[in-house]
Structures are given as C-alpha cells and as structure tokens.
Amino acid sequence: MTEIATTTNTVRDLRHRWKPHKERLAAAGGEQPTSIRFHRACSWMARVEQMPEGQDHDLGLVSLWIAYNSLYGQWDCQKREPKPDRESWRAFVDRILRLDRDRCASAMLQEHKRLVIVLLEDQYLSGYFWQEPSVKRAGQAKRAAFNAQTWYLEERWTMILDEILARVYLMRCQLVHGAATYGGKLNRTSLKRCVIMMQRLLRHC
C-alpha cells in the first residue's frame, strides 16, 4: 500500500483558530460547554501528536475516538444516560455540514478520496462481513466503495461521513471491547488507515 502522508495541521493550529470563538463565547458569560468540549478534544489529539511517528496505532485510534466523542456526545435528560453513539455522531455530522459555509469538510473528503475508498473496500472494517465471514460476504461488504463513487458525484457528504465513521467505529469497538490484540499483526493496515482518517476528520470537521 502506498503511504498516505499524515496531516500537517497541529493541535496548536486548531487552538489558535479557535481562540476568537472562545473569546466570543466567554464574553457571553455563563458556562460554555462548547469550549469545554473543544478543550477536551484537543487534549486527546495532543497526546496522539506526542506519540512517535507510526507507533502505537492502537492507543492512537482510541485516543482520537475519545477526542471525537467529546465533541459529538449527547446526554439524554429523560433516560439520564448518554444517547447512543451512532445517533449522536450523525446529529453532530449533520450540524457540522450545515454550518460549514467554507465547505472544509467536503474539500477534505475530495482531497482524501483515495483513503475513503480504501476504507470502504476493507471487508475487515465491515460489520456486515463479521456477521457471517465468508468470501461472498467479503465481496458484498465492498459494495459501499462502489456506491461511494455515486455519492461523490451527488455530493452526499453526510452519507460518506456516516459510512466512514461506521468503519472506524467497528475498529474502535474491537479494541475497546477486547476483540483485538494489542499490537496484533493482523489488523495493522486497517488500523493505520483508521488513525489517518480520524486525524483528517478531527482537523476539518
């Protein structure tokens, strides 16, 4: 596989760009959960930046997902518990795309289209494949990559992001729930791709 360069944007860059918004929120007074969420996300992203290049992708992906979770997580006041992950991140993605006047998210997806397609072609990141692993299921699991070509033409960015996040989330669940070996050799390529994708997403979405 051809190496995909890591992002050059740093957490320091993000904090610098966020500063005017932080000051505006502070001037409004009261508690500012958005600022708190951003601070928490940056703390986990910064930890990943401190890791040696190309090492510890297991902890890297978990940390990056924690950063993302700190942004999208929602509380269900009636049930007094967190809302389901998928429901929360889909609402978050919808909101980000609505507010993205500069089309940063879609530009990122266009720039890294090859990485997106590769992720969607990976049957090991498909929940459908793992329901009943087989050669037939492996082929069917790659259908999303074919569909993505149409999604790009129709600019269905919500669909693309949802599919990407579902793939990364599966890898995250395998790690967090003990369905993968730390430093295991079998999932290195898929895991590395997920880490790179999350770095892209967190710096543009």
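The legends below describe a predicted model, first as a whole chain and then in close-up views.

Residues are numbered from 1 along each chain as its sequence is written, and side-chain values use heavy atoms, with hydrogens and water left out. Because the model is predicted, local features need pLDDT of at least 70 and side-chain atom pairs count only at pLDDT 80 or more, while totals for chains, interfaces and linings use all residues.

**View 1. The whole chain, with 11 helices and two strands.**
Helices (H or I, at least four residues) and strands (E, at least two) are DSSP runs, numbered from the N terminus. Along the sequence the pattern reads α-α-α-β-β-α-α-α-α-α-α-α-α. The radius of gyration is 17 Å, close to the 17 Å that the globule rule gives for 205 residues, so the chain is as compact as a globular protein of that length. The radius is taken over C-alpha atoms, and the globule rule is 2.2 Å times the number of residues to the power 0.38. Taken along the principal axes, the C-alpha atoms fill a box of roughly 60 × 40 × 40 Å.

**View 2. Surface, burial and charge of the chain.**
Of the 205 residues, 43% are buried. Buried means under 20% relative accessible area, exposed over 50%, and partly exposed in between (1.4 Å probe, protein chains only). The chain exposes about 12500 Å², and carbon and sulfur atoms supply 52% of this area. Accessible areas come from the Shrake-Rupley method with a 1.4 Å probe; for residues, only the protein chains shown count as cover. There are 33 positive and 23 negative side chains, and the centres of the two sets lie 1 Å apart. Lys and Arg count as positive and Asp and Glu as negative, without His and the chain ends; each charge is placed at NZ of Lys, CZ of Arg, CG of Asp or CD of Glu. Among contacts (heavy atoms within 4.5 Å) between residues at least 6 apart in sequence, 70% join residues at least 24 apart.

**View 3. Helix 10 and the residues at its two ends.**
Helix 10 covers residues 157-176, and its end C-alpha atoms are 28 Å apart, which agrees with the 28 Å that its 20 residues should span at 1.5 Å a residue. The expected span is 1.5 Å times one less than the number of residues in the helix. Helix 10 is mostly covered, with 16 of its 20 residues buried. Glu155 lies in the loop between helix 9 (143-153) and helix 10. The phi of Glu155 is positive, about 55 degrees, although this residue is not a glycine, and Glu155 is partly exposed at 44% relative accessibility. Helix 10 is followed by Gly178, which also has a positive phi, near 75 degrees.

**View 4. Helix 11, with Ser190 and Met198.**
Helix 11 (residues 188-204) has 17 residues and reaches 25 Å from its first C-alpha to its last, close to the expected 24 Å. In helix 11, 13 of the 17 residues are buried, so this helix is largely enclosed by the rest of the structure. Ser190 is buried at 8% relative accessibility. Not counting residues up to four places away in sequence, Ser190 touches Asp122, Tyr124, Leu125 and Met171. Met198 is also buried, with a relative accessible area of 0%. Under the same exclusion of residues up to four places away, Met198 touches Leu61, Leu64, Trp65, Tyr68, Leu165 and Val168. One of these, Tyr68, is 130 residues from Met198 in sequence, with a C-alpha to C-alpha distance of 8.4 Å.

**View 5. Leu109 in helix 5 and the nearby loop residue Arg103.**
Leu109 is buried at 0% relative accessibility. Beyond residues up to four places away in sequence, Leu109 touches Val116, Tyr152, Trp157, Ile160, Leu161 and Ile164. Lys22 is 87 residues from Leu109 in sequence and 27 Å away in space, C-alpha to C-alpha. Arg103 lies in the loop between helix 4 (85-99) and helix 5 (104-111). Arg103 is not a glycine, yet its phi is positive, about 55 degrees, and the residue is partly exposed, with a relative accessible area of 41%.

**View 6. Lys79 between the two strands.**
Lys79 is placed in the loop between strand 1 (75-76) and strand 2 (81-82). At 58% relative accessibility, Lys79 is exposed. The C-alpha atoms of Lys79 and Tyr128 are separated by 30 Å, and the two residues are 49 residues apart along the chain.
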